[in-house]
Amino acid sequence: MLLLFLYAIINQYGQIIMQDINASSNAGKFFDIKFIKSDGNLYTYEVTFPKESTSPLELVQGGMIDSALDEATSWTVHKAFESKKLPFTTDHHVLFHRPIKIGKATIKSEIIKKGSTVTTVEGKLYDQDNNLVATMLHTALPTDPIKLK
């Protein structure tokens, strides 16, 4: 049953993301994440945190920051494998360094280890003034969605 559930997720995500360089999951659409450029193992994305992502303090809520970093680092795995693999996340950790207000921000991610069975990516979120807001370490299993059919 779990395998069928995982297949459904990968199949839906794969059909969406493989159609367009800026296509993404619903979370990616919510944050309007856009791929900007890659330079070797370094990938840059633009993210927009909407008003709906704020906490009662009128700052972006930590879970929203986590979601945006998860989405961008997942794209990084997908792009690093030439759009042929999708990530199954096994673990991710986020360190929060400072708060961020709603609006545009930048995520930079870097492949730390690209393996055929396990890949690790570091993602960093920067605010409008280029201050480091949060760091994520994301580990995933690069998965071929076609083999699950």
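# Questions about a predicted fold

Visitor: Why does valine 77 count as buried?
Guide: Its relative accessibility is 1%. Buried means under 20%, so valine 77 counts as buried. Keep in mind that this is a predicted model.

Visitor: Where is the place of valine 77, and what is it in contact with?
Guide: Valine 77 sits in helix H3. Beyond its neighbours within four places in sequence, valine 77 touches Pro87, Thr119 and Val121. Contact requires heavy atoms within 4.5 Å.

Visitor: How far apart are valine 77 and isoleucine 111, in sequence and in space?
Guide: They are 34 residues apart in sequence. Their C-alpha atoms are 7.7 Å apart in space. Isoleucine 111 has valine 121 as its bridge partner in S5.

Visitor: How do you know that S4 and S5 pair?
Guide: Count the bridges. Pairing takes at least two. S4 and S5 have eight, in the antiparallel sense. Four residues join S4 to S5 in a hairpin.

Visitor: How many bridges do S5 and S6 have, and in which sense do they pair?
Guide: Eight bridges, antiparallel. With a threshold of at least two, S5 and S6 count as paired. One example is threonine 120, whose bridge partner in S6 is threonine 139. Five residues lie between the strands of this hairpin. In its turn, asparagine 130 has a positive phi of about 65°.

Visitor: And what of S3 and S6, over how many bridges do they pair?
Guide: Over 10, again antiparallel. Histidine 92 has histidine 138 as its bridge partner in S6.

Visitor: What makes S1 and S3 the edge strands?
Guide: First, the sheet. Six strands form an open sheet in the order S1-S2-S4-S5-S6-S3, with antiparallel pairing. Strand S1 (34-39) and strand S3 (86-96) each pair on one side only, which makes them the edge strands. From one strand to the next, the twist averages 25°.

Visitor: Which helix lies across the strands, and at what angle to S2?
Guide: Helix H3 (residues 62-80) lies across S1, S2, S3, S4, S5 and S6. H3 runs at about 145° to S2.

Visitor: Why is S5 called mostly covered?
Guide: S5 has eight residues, and six of them are buried. Each of those six falls under the 20% cut-off, because that is what buried means here.

Visitor: What makes up the largest nonpolar core?
Guide: The core has 26 residues. Val47, Phe49, Ile65 and Leu125 have the most contacts inside it. S2, H3, S4, S5 and S6 each supply at least two residues. H3 gives the largest share, seven residues. In soluble globular proteins, nonpolar side chains tend to be buried together.

Visitor: What is isoleucine 65 in contact with, leaving aside its neighbours within four places in sequence?
Guide: Isoleucine 65 touches Phe49, Val60, Phe96, Ile100, Leu125, Val133 and Ala134. Phe49 and Leu125 are also among the core residues with the most contacts.

Visitor: Where is confidence lowest, and where highest?
Guide: Lowest in helix H1 (residues 2-17), with a mean of 49. Highest in S5, at 97. The scale runs from 0 to 100. The protein averages a pLDDT of 85, and 82% of the residues score at least 70.

Visitor: How many contacts does the stretch 14-23 have beyond near neighbours in sequence?
Guide: The model shows 19. Yet pLDDT over residues 14-23 is below 50. Where pLDDT is low, the predicted coordinates should not be read in detail.

Definitions and conventions:
Residues are numbered from 1 along each chain as its sequence is written. This is a predicted model: local features need pLDDT of at least 70, side-chain atom pairs count only at pLDDT 80 or more; totals for chains, interfaces and linings use all residues. Side-chain values use heavy atoms; hydrogens and water are left out. Axes are lines fitted to C-alpha atoms, for helices over the stretch in contact, and angles run from 0 to 180 degrees between N-to-C directions. A nonpolar core is a set of buried Ala, Val, Leu, Ile, Met, Phe, Trp, Tyr and Cys residues joined through side-chain atoms within 4.5 Å. Buried means under 20% relative accessible area, exposed over 50%, partly exposed in between (1.4 Å probe, protein chains only). pLDDT is the predictor's confidence in each residue, from 0 to 100.
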